[in-house]
Amino acid sequence: MPSKTVLALKGVINIHDRPYEMFCGYMSPNDLIRMGSVPSFKEDSSHQSIANALKTPPIDNWQRPLNKVRLEKIRLNIDSANVTNSDNDSLMANPVLIGRSDKIGMPGVSLSITPKTVESGQTTIPVPDVFNIEVESSENRKPLWILDGQHRIHGLGESPEIVDDSGAPVPNGSIVADETIPVVFIIDDAYTPQFLAQIFTEVTTEAKPMKPLHGDWMKYAFEMGDLKLSICFKY
């Protein structure tokens, strides 16, 4: 059974004296794929089956399926790095958001948070606000949910979602599949599946893309690839 221990820094947000813990750490895309699943619709799910699921809550799948084209674009962007210089280096510096799945407690699936300690002589001292997050998965059951960043994770890691025209899995992976990326964990018991679905909705619907003119300005100012300008004349 795969297992993984992550060192993470804890922070607490209080809303009317209700504490919500968050942990910031690092995991590789491959480890996130091994330990995390996406509660998403299947590509072949019909509108009727999705609608019928509303009659039998709780809803298990509420994210959109992976966009294979978007996944491949992320991978190509990262893999354009050149071994002899750093001109094409690209980092995914924004963290992915990871929650606790509803599979915790099933055989072989666990998640625990314990203080990080150091030894000083005969004394064991806890390191303030630093914790070990230990996760274990079994078969297709995983302790973590990928709430935001599924395309980054699968685009950078050895994604099991890529298949050829016949539907057979295609071996794949970027040059940073086993390098670490920043992760925010919201895995306390207070984060119920319903609460995580709400957070996912707010994260994905409230985000606003950069305005096209701002994007063009950034590309020109920092020489980020080819720039196509549309010039309008007003008489």
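Me: I'm new to this. Which strand does S4 pair with, and in what sense?
Reply: Strand S4, residues 96-100, pairs with strand S7, residues 144-148, in the antiparallel sense, over four bridges. Keep in mind that this is a predicted model.

Me: Can I pick out one spot on that pair? Which residue in S7 stands opposite Gly99?
Reply: Look for Trp145, which stands opposite Gly99.

Me: Okay, now the whole sheet. How many strands does the sheet have, and in what order?
Reply: Read a sheet from neighbour to neighbour. Here there are eight strands in an open sheet, ordered S3-S7-S4-S8-S2-S1-S6-S5, and the pairing is mixed.

Me: Which strands stand at the edges?
Reply: That would be S3 (36-37) and S5. Each has a single partner strand, so one side of each is left without a neighbour in the sheet.

Me: Let's go to the S5 end. How many bridges link S5 and S6?
Reply: Strand S5 (residues 110-120) and S6 pair over 10 bridges, in the antiparallel sense. For one example, put your finger on Pro115: its bridge partner in S6 is Phe131. The hairpin of S5 and S6 has two residues between the strands, and Gly121 there takes a positive phi near 65 degrees.

Me: And what about S1 and S6? How many bridges do they have?
Reply: Seven, again read in the antiparallel sense, between S1 (residues 3-15) and S6 (residues 123-136). One of the partners to look for is Glu134 in S6, which bridges to Thr5.

Me: Switching to rings: how is a pair of aromatic rings described?
Reply: You give the distance of the centres and the angle of the planes. In this model the count comes to four aromatic pairs. One of them is Tyr20 with Tyr191, a tilted pair at 6.0 Å centre to centre and 55 degrees between the planes.

Me: Why does that pair tie together parts that are apart in sequence?
Reply: Because Tyr20 lies in strand S2 (residues 18-27), while Tyr191 lies in the loop between strand S8 (181-186) and helix H5 (193-206). Those parts are 171 residues apart in sequence.

Me: Which ring is stacked with Tyr191?
Reply: Phe195. The two centres are 5.6 Å apart and the planes are at 15 degrees, so this pair is stacked. Tyr20, Tyr191 and Phe195 form one aromatic cluster.

Me: Are those rings buried or exposed?
Reply: Go residue by residue. Tyr20 and Tyr191 are both buried, with Tyr191 at 5% relative accessibility. Phe195, at 22% relative accessibility, counts as partly exposed.

How values were computed. Residues numbered from 1 in each chain as written. Predicted model: local features only at pLDDT ≥ 70, side-chain atom pairs only at ≥ 80, totals over all residues. Heavy atoms only, no water. Pairing = 2+ DSSP bridges. Phe/Tyr/Trp six-rings, centres within 6.5 Å; stacked < 30°, edge-to-face > 60°. Buried < 20%, exposed > 50% of the residue type's maximum accessible area, 1.4 Å probe, protein only.
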